[in-house]
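Biologist: Please take a close look at one residue in this model. I would like to know how it sits in the chain and what surrounds it.

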Amino acid sequence: LLRYLKSLIYNSVAELRLIRKRRMRRAAELLKQTSHPVSEICYMVGYSDQRYFGQSFKKEFGMTPKQYSIQKKV
């Protein structure tokens with residue numbers, strides 16, 4: 001039973017990481033391809049807290065969403 005519960009917990013954590021990575025990749029695409037403000041892209045990819053979105057984005061790409069959008073458009 002303990003092994004089964006550990007496998008369920010691990011899988012759900014892995015799934016959450018996968019979902020977060022997909023959201024971040026989609027946000028990066030939108031930042032490159034559109035002129036939407038970062039706040040709007042935050043909501044478009046499913047985040048309701050802009051601060052958390054910015055922290056997650058920086059953790060994934062090493063720069064803030066605004067820095068990323070400026071760099072990729074140049």
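**A serine and its surroundings**

Modeller: In this predicted model, Ser 56 is buried, because its relative accessible area of 7% falls under the 20% cut-off. The residue belongs to helix 3, which spans residues 50-61. Leaving aside residues up to four places away in sequence, Ser 56 is in contact with Arg 20, Met 24 and Tyr 47.

The rest of the chain gives the setting. Helix 3 is part of a protein chain with four helices and zero strands, and the order from the N terminus is α-α-α-α. The radius of gyration is 15 Å, well over the 11 Å given by the globule rule for 74 residues, so the protein chain is more spread out than a compact globule. Along the principal axes, the C-alpha atoms fill a box of roughly 55 × 20 × 20 Å.

As for burial across the chain, 23% of the 74 residues count as buried, and Ser 56 is one of the buried residues. Among contacts in the protein chain with a separation of 6 or more, 47% join residues 24 or more positions apart.

The surface and the charges complete the description. The protein chain has an accessible surface of about 5,800 Å², and carbon and sulfur atoms hold 54% of that area. There are 16 positive and 5 negative charges, and the mean positions of the two sets lie 7 Å apart.

Key
Residues numbered from 1 in each chain as written. Predicted model: local features only at pLDDT ≥ 70, side-chain atom pairs only at ≥ 80, totals over all residues. Heavy atoms only, no water. Helix = DSSP H or I, 4+ residues; strand = E, 2+ residues; numbered from the N terminus. Buried < 20%, exposed > 50% of the residue type's maximum accessible area, 1.4 Å probe, protein only. Contact = heavy atoms within 4.5 Å. Rg over C-alpha atoms; globule rule 2.2 N^0.38 Å. Areas by Shrake-Rupley, 256 points an atom, 1.4 Å probe, with all protein chains shown as cover. Lys, Arg positive; Asp, Glu negative; His and termini not counted. Charge placed at Lys NZ, Arg CZ, Asp CG, Glu CD.
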